[in-house]
Amino acid sequence: MSRLHTTLQCPPESQDEQYSLYSMKFLKLAAAAALAFLGNSADASSTFSPARPPAVPLAVRSPYLNVWLNGKRDGSPSGYLPGNWPVFWSQYIQGWQGFIRVDGKVYNWMGNAPGGDGLVDQTSLEYTSTRSVFTFNVVNKVEMTVEFMSPVYPDDLRRQSVTSSYINVAVKSIDGKTHSVQVYADVSGEWASGDNGAIIEWESVAKDGVRYHKFWRRDQQKFRESNEVASWGNWYWATGDQRGVSYQIGSDTDVRGQFLGKGWLTGQIDTEFRAVRDRWPVFGLARDLGFVAGTEKSTLFTIGFAQDEAINFQGKEDEPRGVPALWREYFNEMELVTFFYKDYDYATHYCNRLDLRIDRDSKAAAGSDYAIITSLAVRQVFGALAYTNTQESPLVFLKEISSNSDIQTVDVIFPAFPIMLYLNPDLIKWTLEPLLENGRYHYPNNWAQAQHDLGTFPNAVGHPKGDDEPMPLEECGNMVVMMLAYAQRKHNNQYLADNWDLLEEWAGYLIEDAKIPANQLSTDDFAGHLANQTNLAIKGIIALEAMSKIASYTGHKDQAANYSEIAHEYLEFWMEHGINNNAEPKHTVLQYDNPDTYGILYNAYADKVLGLNFVPQSIFDMQSDFYPSVENEYGVILDTRGTLTKLDWEMWAAAVAKPQTRSMFISKIADWINRTPTWRAFTDLYDTQDGGYPRGIEFTARPVQGGVFSILALKS
């Protein structure tokens, strides 16, 4: 008997083909098991705090440790862990099964494997910036709390470099009686490869008080992926090597069946290495908590991976080089698992402080609804980052998750950079450095434009032929704004001086194109090419004023005056042709002299975040008065080309709006989070009328959600 999720390994569009591979007998068995689970959970009702997210982050630490509990697509309630498989952001199932045995009967608390006496009843889900905490009632005998904690250490490179996550399971009696309790959890070989036909190998080790299963793909294919899952590296599934712990590696039915029948594991290690889908090897861990009364007992699990070299990078050298993962600066691989496991107390205290800081600051800045938004974004942003190189010269590589998997996309870093300003401005420098190094030595178009990206993750080899996606005005403006923002926050004018050669080249393009933008793409490339974009123009015009500051800070006084003079001239033209003064209320237009158009003027945010005081306050006030007049059920459209919007850009507009308009944006986004029919990780692109995915575009888990920290970035 195989697992239910074997029918769901492929992307949604090919599921019919996948189903045909399995017999009707199996499908009937799977359906019967599913109905049994539904029957046991029909009366369950969970609360959600501070909101019911579209998908729940479970283990989200890097582009390759990025596992979620998806929402439902059939209209049934979302946010319930029992009976559902966790999935990688790409929708590839990550076999992760949990059981609890109470007084000899077994109940499912995670995953969709058959067997047992039904599902636990989920009573609550709470998320913070670093945690997702589920509470379950197990047949009115015990309460079970499962905490998924993915630490975020914005100011601690050593700990942030370790790509692992915690799962803490705590149980206590709720009926005044004592109960015999055993807890079980396993992971499958699917974590090691996105190709279920790939052969995996494994071992089980007890070291320094930790029991861990190590498993890996036999055919290590460095810097390659399958279904977006890394095809190289080692995975570790661990718990404490302590009294009551048992373990086993073998087929899913054997290992799970052993716990279902006996409540403990045999310690046997299957010696037949094989393909992921060949009798589905799983790596089981169990803990006998003994007799549990009113005092809580707990057990801790960790999941993580290690890669010696994380990114293939074309830097200043003639050939690309493998950049080491940053953890190698601090640990050897055999220390990683034990360090992370034993660091749980520190991690808990640190995450408590970070959660409290973000919650407190968000509520103080814009109310409880704002905390709903910011706290959901944190793990998602950091889960798109790979920390590499050395502690003296960190390089942070960003994956453009879900839209096209580019690496170091400038117009994805740009919307994300408010969270970097808020938590640690050095992240801006570490993320831009690969672009600056590659661009200076290998990109042929610097005389005309900034490079759009460095390739496809994890291969940051750049575009030596200059054939990157052309967004010249977009990327030149973005680089100038971000580099000045970093230098201001860190009081590091030398950084600007060191990169003056590139900045000056990009400023030349801004002078050429910012006043009247040619027909081109902006970051919202799904909307297509457009000439005379006012929002794109204001980005370039503000960037020219920013160049005046940069020139002043770096000793180029004459150029400073010239840049500022040009910027003011362009701004006058922009105000003459970019505003519909005959409308009521007045507003900017999407294209110069096109009065029937409008859009969110999110690029004006750069003026405020840089403190330039260049764009007249009347422009911000005008837009603030206009947005409520065109609001839809879930927000304000991006522009008049459709009914979709971008959540990050809405929050940029909110940050520079009057309090009432700011509250409008925030309350509508918070309401959308609670009610959206989108079902994958926190999308930034949705329809403002029905709240769903627009035109079938399913952006998911993208780091651009760092833009929701727009308000806090201003205040910091």
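# Notebook: strands, rings and one helix

I began with strands S17 and S19, which pair in the antiparallel sense over seven bridges. I keep in mind throughout that what I am reading is a predicted model. Looking for a particular bridge between these two strands, I found that Ser-251 has Pro-281 in S19 as its partner. I then checked how far S17, residues 245-251, is covered, and noted that six of its seven residues are buried.

**Entry on the rings around S19.** I looked up the aromatic pairs next, and the structure holds 42 of them. One of these is formed by Trp-202 and Phe-283, whose ring centres are 5.9 Å apart and whose planes stand at 70°, an edge-to-face arrangement. Because Trp-202 belongs to strand S12 (residues 199-207) and Phe-283 to strand S19 (residues 281-292), this pair ties together parts of the chain that are 81 residues apart in sequence. I asked myself whether Trp-202 is buried or exposed. Its relative accessible area is 4%, so I wrote it down as buried, the cut-off for that word being under 20%. Phe-283 is buried as well, with a relative accessibility of 0%.

Phe-283 also has a ring partner in Phe-215, and here I wanted to know why the pair is called stacked. The centres of the two rings lie 4.3 Å apart and the planes meet at 10°, and since planes under 30 degrees apart count as stacked, the name follows. This pair, too, links distant parts of the chain, for Phe-215 sits in strand S13 (residues 210-217) and Phe-283 in S19, with their positions 68 residues apart. I checked the cover of Phe-215 and found a relative accessible area of 0%, which makes it buried.

**Entry on the ten-stranded sheet.** Strands S12 and S13, which had come up with the rings, turned out to belong to an open sheet of ten strands with mixed pairing, in the order S1-S7-S8-S9-S10-S20-S16-S13-S12-S18. Which strands stand at the edges? They are S1, at 47-49, and S18, at 274-275, each of which pairs on one side only. At the S18 end I followed the contact with S12, where the two strands run antiparallel and share two bridges. In one of the pairings there, Ile-199 has Ala-275 in S18 as its bridge partner.

**Entry on S2, S3 and S4.** I moved on to strand S3, residues 66-69, and looked at which way its side chains point: Asn-66 and Trp-68 go one way, Val-67 and Leu-69 go the other way, and all are buried. Strand S2 (residues 56-60) pairs with S3 in the antiparallel sense over four bridges, and a hairpin of five residues joins S2 to S3. Within that pairing, Ala-59 has Val-67 as its bridge partner in S3. S3 also pairs with strand S4 (residues 87-88), again antiparallel, through two bridges, and there Trp-68 stands opposite Val-87.

**Entry on the annotated domains.** I turned to the UniProt record, an unreviewed entry, which annotates residues 130-361 as "domain: Glutaminase A N-terminal". Over that span I read 19% helix and 45% strand, with the end C-alpha atoms 16 Å apart. The record, also marked as an unreviewed entry here, gives residues 367-711 as "domain: Glutaminase A central". For this second span the figures are 49% helix and 7% strand, and its end C-alpha atoms lie 12 Å apart.

**Entry on helix H10.** I then looked at helix H10, residues 472-490, whose 19 residues reach 27 Å from the first C-alpha to the last, close to the 27 Å expected at 1.5 Å a residue. How many of its residues are buried? The count is 16 of 19, and I noted the helix as mostly covered. Asn-478 lies in this helix and is buried, with a relative accessible area of 0%. Its side chain makes a polar contact of 3.0 Å with the side chain of Glu-475. In an α-helix there are 3.6 residues a turn, so residues three or four places apart point the same way. After H10 comes His-491, whose phi is positive, near 50°.

**Last entry, on charges over rings.** I closed by looking up two places where a charged end sits over a ring. The charged end of Arg-357 is over the ring of Tyr-422, 4.4 Å from its centre, and that of Lys-608 is over the ring of Phe-620, 4.6 Å from its centre.

Key: Residues are numbered from 1 along each chain as its sequence is written. This is a predicted model: local features need pLDDT of at least 70, side-chain atom pairs count only at pLDDT 80 or more; totals for chains, interfaces and linings use all residues. Side-chain values use heavy atoms; hydrogens and water are left out. Rings of Phe, Tyr and Trp (its six-membered ring) pair if their centres lie within 6.5 Å; planes under 30 degrees apart count as stacked, over 60 as edge-to-face and the rest as tilted. Buried means under 20% relative accessible area, exposed over 50%, partly exposed in between (1.4 Å probe, protein chains only). A charge sits over a ring if NZ of Lys or CZ of Arg is within 6 Å of the ring centre and within 35 degrees of the ring normal. UniProt positions are given in the numbering used here, feature names are shortened, and annotations may be inferred rather than shown by experiment. The expected span of a helix is 1.5 Å times one less than its number of residues. Two strands pair if DSSP finds at least two bridges between them. A polar contact is a pair of N or O atoms within 3.5 Å; within protein, one must be able to donate a hydrogen and the other to accept it, and residues adjacent in sequence count only if both atoms are side-chain atoms.
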